[in-house]
Amino acid sequence: MKKIILAVCLLTMACPLFAQELYVNTEPASNMATGSLGIRVENQGYFTPTYKNRSTIEAMYGVNRHLMVHGSVYMSDYYSNNQHFEGGSVYAKYRFLSIDTVQKHFRGAFFAKLSSINNPVINREITLEGDNSGAQGGVVFTQLLHKLALSGSASYLRAFNNSGNYEISTNSVRNAAAYTLSGGYLLLPRNYRDYKQVNLNLYCELLGKTNPGHSESYLDVAPALQLIFNSTCRLDFSYRTPIYNDMQRNTKNMYLIRLEYNFFNL
């Protein structure tokens, strides 16, 4: 019995150490705990040439230790003068690799996403978060090293005609490749005593995309700050800006604010 209690305590104490891989702009290879539900409310947008913003409501569920699923709906004024419902997406991630040691782990996962969006196809970037109907598939690997977590992903995107009879023209983009590299560091608390302590995580993420055959690409840097309260409630702030860019898109110079609450052991 003492060994079981000790194992539970060690596991509980270890959970906050994994907070630094709760990236703001990307997903890690790790999954939510089985039977856990997360609800996110997010707003992101840009200020020039005119202020536009998009709101997202997202639900996440840990099906088992290998599989988690997401469902999202989007609303914005990106393509109109007023806010309107744009459509939704579903996402699934399957963790196929787990190598765990004390305060370290290395994990790998496959992920896939499908979206159905009701907007005109104007931009040269394919995004499944409110702009394009389409599919995405890729792989992500995450390495935790005590208070530092590193993660990288690569994926392929295929755009479909948007719903509402918004078709992709012959000159538009149907294929894209995306890649990310993320780093997260647990700044506070320096000495962990209990799960009620506020966690402060700092992130720096690189977000890139290219359109094969069109000589168009971009690479953004996205610093972010994250606060976690009682190990259940999370508040994110991020701003992404181009390192280089030659692609017409909505995601250039974009802020992000997100509130997330998690229900465990449902």
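How do the residues of the lining of the second largest pocket divide into nonpolar, polar and charged? Keep that in mind while you set up the view. This is a predicted model.

**Stop 1: the second largest pocket**

Select Tyr-46, Thr-48, Pro-49, Tyr-78, Tyr-79, Ile-122, Asn-123, Gln-248, Arg-249, Asn-250, Lys-252 and Asn-253. These residues line the second largest pocket. Its space comes to about 190 Å³. Now colour the lining by class. Five residues are nonpolar, five are polar and two are charged.

Stay with Pro-49. Its peptide bond with Thr-48 is cis, with omega at about 5°. Pro-49 sits in the loop between strand 1 (37-46) and strand 2 (52-62).

**Stop 2: the barrel**

Switch to a cartoon view. Twelve strands close into a barrel. Follow them round in the order 1-2-3-4-5-6-7-8-9-10-11-12. The pairing is antiparallel. From one strand to the next, the twist averages 20°.

**Stop 3: strands 6 to 9**

Select residues 133-145 for strand 6 and residues 148-160 for strand 7. They pair antiparallel over 13 bridges. At Ser-133, look across to strand 7: Phe-160 stands opposite.

Add strand 8, residues 175-188. Strand 8 pairs with strand 7 in the antiparallel sense, over eleven bridges. Pick Tyr-156; its bridge partner in strand 8 is Ala-177.

Move on to strand 9. Eleven bridges join strand 9 to strand 8, and the two run antiparallel. Here Ala-178 stands opposite Lys-209.

Between strand 8 and strand 9 there is a loop that holds Pro-189. The peptide bond from Leu-188 to Pro-189 is cis, with omega at about 0°.

**Stop 4: Gly-208**

Select Gly-208 in strand 9 (residues 199-211). Is Gly-208 buried or exposed? Gly-208 counts as buried because its relative accessibility is 4%, and the cut-off for buried is under 20%.

Show what surrounds Gly-208. Leaving aside neighbours within four places in sequence, Gly-208 is in contact with Ala-177, Ala-178, Tyr-179, Tyr-218 and Leu-219. Draw a distance from Gly-208 to Ala-178, C-alpha to C-alpha: 5.7 Å. In sequence these two are 30 residues apart.

**Stop 5: the cavities**

Turn on a cavity display. Rolling a probe the size of a water molecule over the atoms shows where empty space is left. How many cavities of 30 Å³ or more does the structure hold? There are three.

Go to the largest cavity, with about 940 Å³ of space. It is lined by 44 residues. Select those closest to its centre: Asn-25, Thr-26, Lys-113, Glu-129 and Gln-136. Strand 3 (residues 67-76) gives the most to this lining, with four residues. By class, the lining has 17 nonpolar, 15 polar and twelve charged residues.

The second largest cavity has about 40 Å³ of space. Select Tyr-79, Pro-120, Val-121, Ile-122, Asn-123, Glu-125, Asp-131 and Asn-132 to see its lining. Four of these are nonpolar, two polar and two charged.

**Stop 6: two positive phi angles**

Most residues other than glycine have a negative phi. Two residues to select next go the other way.

Ser-231 has a positive phi of about 60°. Find Ser-231 in the loop between strand 10 (216-229) and strand 11 (233-245). Ser-231 is partly exposed, with a relative accessible area of 31%.

Asn-265 has a positive phi of about 55°. Asn-265 lies in the segment after strand 12 (254-263). Asn-265 counts as exposed because its relative accessibility is 69%, and the cut-off for exposed is over 50%.

Technical notes:
Residues numbered from 1 in each chain as written. Predicted model: local features only at pLDDT ≥ 70, side-chain atom pairs only at ≥ 80, totals over all residues. Heavy atoms only, no water. Pairing = 2+ DSSP bridges. Axes fitted to C-alpha atoms, helices over the stretch in contact; angles between N-to-C directions. Buried < 20%, exposed > 50% of the residue type's maximum accessible area, 1.4 Å probe, protein only. Contact = heavy atoms within 4.5 Å. 1 Å grid on protein atoms, 1.4 Å probe; cavity = no way out; pocket = protein on both sides within 12 Å on 5 of 7 lines; lining within 4 Å. Points joined across faces, edges and corners; volume = space filled by probe spheres on them. Nonpolar A, V, L, I, M, F, W, Y, C, P; charged D, E, K, R; others polar.
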